[in-house]
Amino acid sequence: KVGMEPWMILAIIAGIVLVLIGVGIWCIWRFCKKKRPKGQAEQEDDEKDLVNNEEEVAEEIEETKGEDDFKGKIHYKLEYDFTTQELKVTVIECSDLPPTDWSTGLTDPFVKVYLLPDKKPKYETKVHRKNLNPKFDQTLVFKNLPYVDTFDKTLVFAVYDYDRFSSSDQTGEYQLPLNQVDLAGPVQEWKDLAPVDDGSNQYLGDLCLSLRYVPSSGKLTVAVLEARKLKKMDITGASDPYVKLKLFDSKQKRIGKKKKTSVKSCNLNPYWNESFVFIIDEMDMKRVTLDITVCDYDLIGGGDPIGKIKLGWSQNKEYKPGFKHWKEALENPRRPIIKWHVLQDPEPEEEDEKEKGDKKKDKKDKDKDKKGDKDKDEKEGGGEEKKDEKKDEKKKDEKKK
């Protein structure tokens, strides 16, 4: 006899069974749990911060865009005369124009009116001094303009600030495709003026990047995360984008090899999440520039650039978002900093042109070498034939004798 009541023995047995079950469940959980790679926990925390960062930056960009895009309003009237084939354009007034003279808070506006794509003839209104809401009431006539020709014309109202001592600065414009207007009757309306469209401010898309710098090892990790609303480059209305990264020193000489992401076929909103590592000393971080170009892949020839951005300390004047992103990465070592960037108009890349030129030269040299070898063979062949002919003639002479 143990000296214990039966219910106590049952309770002990039940407790042991529960402990065994708990241990078994814990072992199974440990066995089934995937092992995390080193640094993953840190990465997840960083990603949470980065997602929040992304949303805040996107909101800020939208707000600043809204403020910068508004350049005032223009009030105009159109009348087309089918008998004389004349288009009468009346510039009635402008309102809420942005001030250009910060001392007075006013501007000296006038309006240029012309048709694209010819840009001729070009008419101008009178200049109204120190006025943000000028009333022009001027009618400008485009003569010898058949109705059929209006379908591929765009009427441009370009507002300028007059400058007596230098060329006048354009402050805004409104473009009106005439194929969207019913010229059967008079058209009179107000329209918002947009920033100057000279091609350089064309919206090419956005690129999301992450920068992480570790001063102790000199590792700069650049993660190309995603892009959105990329410019359509193909006839099909899509693009095959990839991203090209180059690092330059203060003398604009490339450091190391260029790096590329994978190609995302037929995608205007690609997602890469690909990382690249550059080794840069902490002292050199304020001297180098990172050149990032989004390209459209092409089987024939090199990729066509869609847009590009430059990141670095030297971009404090040329591209301020690139400077701010770089600065923030330096001020927060070991922490990934994510930001969205608006793609800028790509410039022609001198290095690629040089490479193409070198390839062409190599081809020409090879062709010359081949031609030279052929000429030598022909000459040698011709010399041997002549020698054989001479030998045959000597043999014939000997036989005759």
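## A tour of three salt bridges

Begin by selecting Lys327, whose relative accessibility of 32% counts as partly exposed. Keep in mind throughout the tour that the model on your screen is a predicted one.

Now add Glu331 to the selection, which at 53% relative accessibility counts as exposed, because the word applies to values over 50%. With both side chains displayed, you can find the salt bridge that Glu331 forms with Lys327, in which the closest N and O atoms are 4.0 Å apart. Where do the two residues sit along the chain? Both belong to helix 3, which covers residues 320-331, and they are four residues apart there, so that about one helical turn separates them. As general background for this stop and the next ones, side chains of opposite charge can pair when their charged atoms come close.

Next, select Asp206 and Arg228, which form another salt bridge, with 3.0 Å between the closest N and O atoms. This pair links distant parts of the chain, since Asp206 lies in strand 9 (residues 206-214) while Arg228 lies in strand 10 (residues 219-228), and the two are 22 residues apart. Is Asp206 buried or exposed? With a relative accessible area of 5%, Asp206 is buried, because that label covers values under 20%. Arg228, its partner, is partly exposed, with a relative accessible area of 24%.

For the third stop, select Asp291 together with Lys308, and look for the place where their side chains meet in a salt bridge, at 3.0 Å from N to O. Here again the pair links distant parts of the chain, with Asp291 in strand 14 (residues 289-296), Lys308 in strand 15 (residues 304-312), and their positions 17 residues apart. Asp291 is buried, having a relative accessible area of 7%, and Lys308 also counts as buried, at 9% relative accessibility.

Finally, clear the selection and display the whole protein chain. How many salt bridges does a search of the whole structure find? The search finds six, including the ones visited on this tour. If you colour the chain by secondary structure, look for four helices and 16 strands. Of the 401 residues in the protein chain, 32% are buried. Among the contacts with a separation of 6 or more, 64% are accounted for by residues 24 or more positions apart. Switching to a surface view, you can consider the area that the protein chain exposes, about 26800 Å², of which carbon and sulfur atoms supply 51%.

Note on methods:
Residues numbered from 1 in each chain as written. Predicted model: local features only at pLDDT ≥ 70, side-chain atom pairs only at ≥ 80, totals over all residues. Heavy atoms only, no water. Buried < 20%, exposed > 50% of the residue type's maximum accessible area, 1.4 Å probe, protein only. Contact = heavy atoms within 4.5 Å. Areas by Shrake-Rupley, 256 points an atom, 1.4 Å probe, with all protein chains shown as cover.
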